Amino acid sequence: MITILIADDEKLERNGIKFLLKREQEELEILEAINGKDAAGILQKKQVDILFSDIKMPYMTGLELAKAARELQPEIEIVIFSGYNDFSYAKEALHYGVVDYVLKPVDPGEFHKTYCSVRDHILEKNTQKGEIARQQDDLGKYFLQNFLYDGKEENGTKLRSFYVRMGGSILI
C-alpha cells in the first residue's frame, strides 16, 4: 500500500486531490495536513511514500516543507502544486528533489500521469530493494552453509564480516 500525504491549507484543494487519487482505484493510505508545519509533524511520526504539497501555505511553505521532508525521509517522492507559473519556484523545488511541479488548477489528466509516474518509480525502487534483500539473504545462507559444513575459521570470519556489514551480528 502506498501512503500519501496531502499538504494544503485549502480544504477544497485537499478534497480535490483525494478525489483524483480515489479515481486511481488502488489501495492507498491518504493523510492530510492543513499546513507545512502540520505536514512536517506527520512526517516525523509516519513513513510516507508521496508528498503532494501546495507551495504557498502558512507557517511553512511547500518549498520549506520539501526541504524538511527530504531531510526526514530521503526516499520520499515530492510533488508540488502551485498557482504560480514562476520558474524560480520550480528551480528551487528541483533543488529539494521535487519530482514534479504541477500548476493549479490541476488538470485531471496531468495529475493521473504524474501520479502513475511517481507510483511506478516507487514500485520499481521497492522491487529493487526486495531483490537486493533476497540476494543478501542468499549470500548470508551461503556463508553459513560453508561454515557449518567445513567449520573452517576462514568461513566463520567471512560469515561474521558479512553480518556486521549488514548491520547485524552473529555469535559463532
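These questions and answers concern a predicted model and the reasons behind some of the terms used for it.

Q: Why are β1 and β2 said to pair?
A: Pairing requires at least two bridges between two strands. Strand β1 (residues 2-7) and β2 have 6 bridges, in the parallel sense, so they count as a pair. Within this pair, T3 stands opposite E29 in β2.

Q: What makes β2 and β5 edge strands?
A: The open sheet has 5 strands in the order β2-β1-β3-β4-β5, paired in parallel. Strands β2 (28-33) and β5 (98-103) each pair on one side only. From one strand to the next, the twist averages 20°.

Q: How do you know which way helix α1 runs relative to β2?
A: Angles are taken between N-to-C directions and run from 0 to 180 degrees. Helix α1 (residues 11-22) runs at about 175° to β2, so the two point in nearly opposite directions. Helix α1 lies across β1, β2, β3 (50-54) and β4 (77-82). Helix α3 (residues 62-72) lies across β1, β3, β4 and β5, at about 160° to β3.

Q: Why is L43 called buried?
A: L43 belongs to the largest nonpolar core, which has 24 residues. Members of such a core are buried, which means under 20% relative accessible area, so L43 falls below that cut-off. L43 is also one of the residues that touch the most other members.

Q: What does L43 touch, leaving aside residues up to four places away in sequence?
A: L43 touches L5, V48, L65, A69, L72, Q73 and I76. Contact here means heavy atoms within 4.5 Å.

Notes
Residues are numbered from 1 along each chain as its sequence is written. This is a predicted model: local features need pLDDT of at least 70, side-chain atom pairs count only at pLDDT 80 or more; totals for chains, interfaces and linings use all residues. Side-chain values use heavy atoms; hydrogens and water are left out. Helices (H or I, at least four residues) and strands (E, at least two) are DSSP runs, numbered from the N terminus. A nonpolar core is a set of buried Ala, Val, Leu, Ile, Met, Phe, Trp, Tyr and Cys residues joined through side-chain atoms within 4.5 Å. Buried means under 20% relative accessible area, exposed over 50%, partly exposed in between (1.4 Å probe, protein chains only).
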